[in-house]
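Biologist: Can you take me through this model? I'd like to start with the metal site.

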Amino acid sequence: MKKIEYAINHLNDLNGIIICPYCKEDLFIRENSLVCVKNHTFNISKKGSVVLYKTSKLKKDKIYNTELFINRRNFINSGFYNEVHSKISEIINENKPNIILDMGSGEGTHDIKIIDNLKDKNIKVIGLDLSKEGIDLSNDFIEKNYVGIVGDLNQLPIKNKTVDLIINFLSPSNESEMARVLKKEGIIIKVTPKAEYLYELRKSLKIKSYENEDIIENNIKNKYDILKKYEIVNTYSLDKLLLNYLVKMTPLMNNINIIPDIKTITIALNLYVLRIKDGR
Ligand SMILES: [Zn+2]
């Protein structure tokens, strides 16, 4: 089967869940496109990608380009996030969702590592990202029960209360959109950086540290009930190849041409399982 055929099957299954970004009406498959009742039409590309985004002129991002995403994929595939992937798969296996939405899915590598450990292969995972380059790469995985869609994280092309579980992996998020699309009993798996995340790289480049963990956590506590929190901290050794992936995958390195001389890298993350507070 071709990628576009997989995409059509997946998008057909998502009937009643994905909506037109203009008029919020349901989208239906018509030949190789998604169409709403008002005839807004979104082509599905050969790569299996569809742009459900209001602006017709999707800007190319200078930082988040294909090269960055390929290096990120290589870095992730080298095992640095295995522990967090296993934990997320475990949480999903316990919660048995039907529909998962990854808000800020990029090139989809985290998702596919998570999907590979799922017991239920019928769970449908939607990756959503503003980057066309990222989504095109993520649809390399379209043979799995995965489809990447280009969309606005601040105006999700997703119907109210249709998603069972949201993944938000080291990506900014729009909380009101999360609350809108998530079912009442739905949960959010949110991964945020700890202070030591990529510490060696930031130290060698003299880049300021991430936002204070306590501030992030207080913001989370204001909006969500924290059902569980896991802290995952590992330091890995780096060879030249892995260092090269790391340097080229991070927006920290934008406009920096020197290769930092570091031998190890710390992957330090907080993983939260969240439920939206009552009354929202
Ligand atoms: Zn429409």
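Modeller: The chat below covers the metal site, a strand and the cores.
Modeller: This is a predicted model, where local features need pLDDT of at least 70, side-chain atom pairs count only at pLDDT 80 or more, and totals for chains, interfaces and linings use all residues. Residues are numbered from 1 along each chain as its sequence is written, and side-chain values use heavy atoms, with hydrogens and water left out.

Biologist: Which residues coordinate the zinc ion?
Modeller: C20 (SG), C23 (SG), C36 (SG) and H40 (ND1), at 2.1 to 2.3 Å. Donors are N, O and S atoms within 2.8 Å of the metal (3.2 Å for Na, K and Ca), and sites may look incomplete as water is not among the atoms.

Biologist: And what is the spacing of the donor residues in sequence?
Modeller: C-x2-C-x12-C-x3-H.

Biologist: Are C20 and C36 buried or exposed?
Modeller: Both are buried, meaning under 20% relative accessible area (exposed is over 50%, partly exposed in between; 1.4 Å probe, protein chains only).

Biologist: Switching topic. How many residues of strand β11 are buried?
Modeller: 11 of the 13 in residues 264–276, so strand β11 is largely enclosed by the rest of the structure. Strands (E, at least two residues) and helices (H or I, at least four) are DSSP runs, numbered from the N terminus.

Biologist: How many bridges join strand β10 to β11?
Modeller: 13, and the two run antiparallel; strands pair if DSSP finds at least two bridges between them. D225 has R275 in β11 as its bridge partner. Strand β9 (residues 182–193) is also antiparallel to β11, with six bridges.

Biologist: What does Y81 touch?
Modeller: Its contacts (heavy atoms within 4.5 Å) include F75, F169 and M249, leaving out residues up to four places away in sequence.
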